[in-house]
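Open the model in your viewer and keep the selection panel handy. We will go from stop to stop, and at each one you will hear what to pick and what is there.

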Amino acid sequence: MGKILLKNIVTEGVVADILIDGNHIAGIFPAGAQDFCEDGDVCVTECSGKVAVPGFVNMHTHAGMSMMRGVGEDIKFHDWLDRIWQIESEIDPEWVYHATKVACLEMIKTGTTTFNDHYWYMPMAHKAAVEMGLRPVLAYVICDRNDPEESGRQKKQCMEMYEESLRWNDQSTFAVAVHAIYSVREEMIVWAAQFARERGLKIHIHVSETSKEVADCKAQHAGMSPVEYLDSLGVLGPDVIAAHTLWLSEDDIRILGERGVTCVHNVNSNLKLASGYRFLYNELRDAGANICLGTDGCASSNNLDMLETMKTSAMIQKAWRNDPSAMPIEEIMQMATANAGKGLGLNIGKIEAGALADILIVDTDNYNFLSPGSFEANLIYSAHSDCIDSVICNGRFVMKNRVVPGEKEILAEARKVLNKIS
């Protein structure tokens with residue numbers, strides 16, 4: 001892996017040269033201050049008129065759902081979930097491989113360099129992500145549907161897949177997921193958390209996504225909410241990534257903050273499935289929780305565009321709070337980048353010497369940036385993801401000049417497996 005020099009690129013409002021060596025940012029220098037011409041190993045990319053942004057991190061998605069767009073429109077959450085489970089009974093590893101490649105293609109095109117995945121047939125998702133050059137965090141998903149026999153099978157498979165992951169390259173990360181408290185036996189929830197902690201792995205779980213989930217939990221567990229229930233089991237901690245966390249009490253917020261849990265807001269999925277919209281961002285932030293953003297899967301959000309997620313998240317906060325200052329621009333950017341790095345324990349989400357080289361090159365030569373406003377405001381509120389000209393992940397270009405190698409072939413191969421679902 002050689003060196004890349006991003007020449008005359010804007011970072012932190014200053015024109016600079018960014019040197020990438022291997023998979024890390026080696027240094028950031030005043031434009032033209034260093035002469036790299038003598039080093040024949042440096043690939044120089046002229047970036048005048050362009051801005052460097054940390055690669056976005058999709059902190060909760062189901063990449064293998066990328067070919068399920070539109071399969072359950074305009075129906076209630078639990079009817080939608082039944083529909084999804086019926087479809088998932090028909091898919092196979094080949095489907096997940098091709099669907100994940102499609103998801104990676106979309107994520108590259110829209111500026112995501114790291115994704116925290118929660119889906120089936122994880123080895124095939126890993127194969128697809130590696131081929132596409134992204135940085136995946138891939139969870140083995142525990143979902144025993146309260147069947148003890150299935151619990152035993154999944155324990156064995158989780159252990160086998162973890163052992164297999166020890167041979168992965170350092171660009172990929174293995175995690176453990178618990179689908180939800182309503183779909184996993186208590187003994188398995190505890191086992192999964194213990195298994196993960198003994199190996200230093202992240203724990204990824206859906207939490208308090210719907211009001212029904214909360215009501216059912218209280219009815220089944222002596223009045224405890226899902227957050228209180230998980231805390232009573234000793235599950236919650238800074239290694240937990242809790243997707244949704246939408247229906248929360250003051251006690252829930254306090255617990256999530258005290259435990260240092262990473263809470264992932266998935267605004268478009270929640271809006272579309274009518275799960276709710278009053279994500280308690282201010283309260284969670286002030287309590288000490290780490291807050292990030294995700295798209296959820298394409299069966300509910302219909303796309304994996306993090307810029308859209310950022311814009312919608314901020315606007316909904318402003319609207320329901322009747323406060324235009326809610327979720328300010330700089331905090332939205334942190335949620336999509338540095339906060340995610342913190343939640344995953346990875347040195348990503350920032351452009352500084354020593355950080356992993358995951359960088360978006362944004363082209364500002366268009367009407368969305370013809371403005372006296374800040375770059376960040378124009379990026380989040382005005383632009384679309386087609387302003388992302390090139391993407392570097394782990395020190396390599398995965399898209400250059402809006403071109404992803406093999407794009408047409410990826411789509412053509414994926415079309416061949418679409419007939420596997422009805």
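## Stop one: a pair of helices

Begin by selecting helix α2 (residues 93–109) together with helix α3 (residues 122–132): they pack at an angle of about 35°, and their axes are 8 Å apart. Keep in mind as you look that this is a predicted model. Turn the view until one helix lies over the other, and you will be looking at a right-handed crossing of α2 and α3.

Now show the side chains that make the contact. On α2, pick Pro93, Val96, Tyr97, Thr100, Lys101, Cys104, Leu105 and Ile108. On α3, their partners are Met124, Ala125, Lys127, Ala128, Ala129, Glu131 and Met132. Colour them by class and you get 11 nonpolar residues, one polar and three charged.

## Stop two: the cysteines

Stay with Cys104, one of the α2 residues in that contact. Is Cys104 buried or exposed? Cys104 is buried, with a relative accessible area of 0%. Next, add Cys393, which holds the cysteine sulfur closest to that of Cys104. The two sulfurs are 9.7 Å apart, too far for a bond, because a disulfide needs the pair within 2.5 Å.

Then move to Cys387, which is in no disulfide either: the nearest cysteine sulfur belongs to Cys47 and is 14 Å away. Cys387 is buried too, at a relative accessible area of 4%. How many disulfides does a search of the whole structure find? The count is zero.

## Stop three: two positive phi values

Here is some background for the next selections. Most residues other than glycine have a negative phi.

Select Asn8, in strand β1 (residues 3–11). Its phi is near 60°, a positive value in a residue that is not glycine. With a relative accessible area of 21%, Asn8 is partly exposed.

Then jump to Asp296, in the loop between β13 (290–293) and α11 (306–321). Asp296 is not a glycine, yet its phi is positive, at about 65°. This residue is buried, with a relative accessible area of 5%.

## Stop four: a serine in a helix

Finish in helix α4 (residues 148–165), where you can select Ser151. Ser151 counts as buried, at 2% relative accessibility. Which residues is Ser151 in contact with, leaving aside its neighbours within four places in sequence? Show Asp144, Arg185 and Met188 around Ser151 to see them.

Conventions
Residues are numbered from 1 along each chain as its sequence is written. This is a predicted model: local features need pLDDT of at least 70, side-chain atom pairs count only at pLDDT 80 or more; totals for chains, interfaces and linings use all residues. Side-chain values use heavy atoms; hydrogens and water are left out. Axes are lines fitted to C-alpha atoms, for helices over the stretch in contact, and angles run from 0 to 180 degrees between N-to-C directions. Helices (H or I, at least four residues) and strands (E, at least two) are DSSP runs, numbered from the N terminus. A crossing is left-handed if the near helix is turned anticlockwise from the far one by less than a right angle, and right-handed if clockwise. Contact means heavy atoms within 4.5 Å. Ala, Val, Leu, Ile, Met, Phe, Trp, Tyr, Cys and Pro count as nonpolar, Asp, Glu, Lys and Arg as charged, and the others, Gly among them, as polar. Buried means under 20% relative accessible area, exposed over 50%, partly exposed in between (1.4 Å probe, protein chains only).
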